[in-house]
Amino acid sequence: MKIQRTKNAVKGVFFGYLNKIVAIIFPFIIRTIIINILGVQYLGLNSLFSSILTILSLADLGFSTAIVYSMYKPIAEDDTETVNALLNFYKKVYRIVGLIIFSVGLV
């Protein structure tokens, strides 16, 4: 698996900026649409679900950064066995974190 690092770095920066722009602009657009179409009552419900999603994204606990960091060398060396092992490990970790969040949510 040949990687063109410069090209991929430029793509990563571009999509990172695009992600930030969308993350900043979309909440204003969505709030305006909700207020105009559904009314102020539903805006509170939207805020509740937004807060829940924020808590779930915080539950990532930095695992996404760890995944990216641990995948650099195996992907560069085309070591599919290590990549598969790491993905299976992170799959288990995310399931455990998900079960803990679900359990705390039920309590």
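Lys and Arg count as positive and Asp and Glu as negative, while His and the chain ends are not counted. The place of a charge is taken as NZ of Lys, CZ of Arg, CG of Asp or CD of Glu. The structure here is a predicted model, in which local features need pLDDT of at least 70 and side-chain atom pairs count only at pLDDT 80 or more, whereas totals for chains, interfaces and linings use all residues. Residues are numbered from 1 along each chain as its sequence is written, and side-chain values use heavy atoms, with hydrogens and water left out.

**Exercise 1. Charges**

Find how far apart the mean positions of the positive and negative charges of the protein chain are.

*Solution.* Start with the counts: the protein chain has 10 positive and 5 negative charges. Then take the mean position of each group; the two lie 11 Å apart.

**Exercise 2. Fold and dimensions**

Work out which elements the protein chain holds, and set its radius of gyration beside that of a compact globule.

*Solution.* First, the elements: there are four helices and zero strands, counting DSSP runs of H or I with at least four residues as helices and of E with at least two as strands, numbered from the N terminus. Their order from the N terminus is α-α-α-α.

Next, the radius of gyration, taken over C-alpha atoms, is 19 Å for the protein chain, where a compact globule of 107 residues would have one near 13 Å. The globule rule is 2.2 Å times the number of residues to the power 0.38. Finally, the C-alpha trace spans about 55 × 40 × 15 Å along its principal axes.

**Exercise 3. Valine 40**

Is valine 40 buried or exposed?

*Solution.* Begin by locating valine 40: it lies in helix H2, residues 40-58. Now apply the cut-offs: buried means under 20% relative accessible area, exposed over 50%, and partly exposed in between (1.4 Å probe, protein chains only). Valine 40 is exposed, because its relative accessible area is 59%. For the protein chain as a whole, buried residues make up 11% of the 107 residues.

As a last step, look across to glycine 16: valine 40 is 24 residues from it in sequence and 33 Å from it in space, C-alpha to C-alpha.

**Exercise 4. Aspartate 78**

Where is aspartate 78 found, and what is its phi?

*Solution.* Aspartate 78 sits in the loop between helix H3 (63-76) and helix H4 (80-106). Its phi is near 60 degrees, a positive value. Most residues other than glycine have a negative phi. To finish, aspartate 78 is partly exposed, since its relative accessible area is 42%.
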